[in-house]
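Here is a friendly walk through a protein chain for someone meeting it now. Have a look at the picture, then read on.

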Amino acid sequence: MSDLRLMWRNTRMVVLCAISAALYAAVLVPFKVVPLIPGVTELRPANAIPIVCSFLFGPAAAWGSAIGNMIGDFFGGVSPGDIFGFFANLAYGWIPYKVWELIGRGQSPISRSPLGILKYAIACLAASVLCADLVGWADNVLVIRPFAMLGNVIIFNNMVSALVLSPFILAAVYPRVKKGRMLYADVMPEVKLKPVGIRACGFALLIAGEGGAWIFGNLLSTGYWEPKFLPAWMIVAPYDKPVAIIAGPFLLLAFAGLLMM
C-alpha cells in the first residue's frame, strides 16, 4: 500500500494520476446516455482506460480510476453507494499491475504468447471481480439493488472492455511510454517489491476472498441459499443482512490479500 501513499510525493505521478482520471471521465461521461440496464448501469467502454493506465502508471492509475469514476458519477446521479464505487474503482485500477508484478515475471503485458494472454486475462478478471463485489455488496446492504444485478453486470462490462479494447490501446502506447521512461517503475524506483512469498499469499487471499464474496453474494441475494444458522427475521428480501454478514468477511479477506501484495 506504500505505493498508493508515496506517489503523492512525486510530482510526475500526480500529473499521471490527473491524466488517468481525465481520460477515464472523458470517455465515461458521453456514454452515460447509452444504458446497458436502464437506471442501473450504462455501456462503459471507458473501463478499458483504468486497465491500460494501471499497466503504465501503476498507483497513479489506481487513484485516477477512483477519481475519474467519481467525476462520472456526478453526471449520472449520486447515491450513497458511490462512496463504495470510489474504492471499488481504486481497486480496479490498482490490482492489474500488482497481479502482473507477481505472475508476469518481467514479461511485457503486451506479449502475444498464449501464456502471456492468459496472465493478462487473470489480472483483469481479478480486478473486475473485486470491483463488482464491492459495488454489488454495498448496493445490496444499502437496499438499493440486489448483489446479483450489479455484481455480475460489472464483471461483464469490465471484462469486455479489458479484453476487447485495452490490448489494442496497450499495444499502441506501451512501447512509447516505456521508451520515454514514464512507466511507474521508472518514475518511482524507490518503491520496492515485497518478498515473492508474501505477495503470493496475498494473491491467494485476494482470489479466495473475492471468489467467496461473489459466490455467496449471488446465492444469498437471489434467495437461492437461506442460511439456517441466521434468525428467520434476517432471511427476507432484499437479503441485505445475510449478504452483509456472510459476504462481508470475504471482502475483508480480499482486501487484506491485496494489501499484502
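## Aromatic rings that meet

Let's start with a bit of vocabulary: rings of Phe, Tyr and Trp count as a pair if their centres lie within 6.5 Å, with the six-membered ring standing in for Trp. With that in hand, you can find one aromatic cluster made up of W8, W63, F86 and F87. Keep in mind that what you're looking at is a predicted model.

How many aromatic pairs does a search of the whole structure find? The count comes to 10. One of them is F55 with Y120, a stacked pair with 5.7 Å from centre to centre and 25 degrees between the planes. This pair ties together distant parts of the chain, since F55 sits in helix 3 (residues 48–57) and Y120 in helix 6 (residues 114–141), 65 residues apart. Both F55 and Y120 are buried.

Then there's F216 with W225. Their ring centres are 5.6 Å apart and the planes sit at 50 degrees, so this pair is tilted. Planes under 30 degrees apart would count as stacked and over 60 as edge-to-face. Are these two residues buried or exposed? F216 is partly exposed, at 24% relative accessibility, and W225 is partly exposed too, with a relative accessible area of 31%.

## How the chain is built

Now step back to the whole chain. It has 11 helices and 2 strands. Going along the sequence, the order is α-α-β-β-α-α-α-α-α-α-α-α-α. The radius of gyration is 18 Å, close to the 18 Å that the globule rule gives for 261 residues, so the chain is as compact as a globular protein of that length. If you boxed up the C-alpha atoms along the principal axes, you'd need roughly 60 × 45 × 35 Å.

The sequence folds back on itself quite a bit: among contacts with a separation of 6 or more, 76% are between residues 24 or more positions apart.

## Inside and outside

How much of the chain is tucked away? Of its 261 residues, 51% count as buried. As for the outside, the accessible surface comes to about 11800 Å², and carbon and sulfur atoms make up 74% of that.

Charges round off the tour. The chain carries 19 positive and 12 negative side chains, and the centres of those two sets lie 12 Å apart.

Conventions
Residues are numbered from 1 along each chain as its sequence is written. This is a predicted model: local features need pLDDT of at least 70, side-chain atom pairs count only at pLDDT 80 or more; totals for chains, interfaces and linings use all residues. Side-chain values use heavy atoms; hydrogens and water are left out. Helices (H or I, at least four residues) and strands (E, at least two) are DSSP runs, numbered from the N terminus. The radius of gyration is taken over C-alpha atoms; the globule rule is 2.2 Å times the number of residues to the power 0.38. Buried means under 20% relative accessible area, exposed over 50%, partly exposed in between (1.4 Å probe, protein chains only). Contact means heavy atoms within 4.5 Å. Accessible areas come from the Shrake-Rupley method with a 1.4 Å probe; for residues, only the protein chains shown count as cover. Lys and Arg count as positive and Asp and Glu as negative; His and the chain ends are not counted. The place of a charge is taken as NZ of Lys, CZ of Arg, CG of Asp or CD of Glu.
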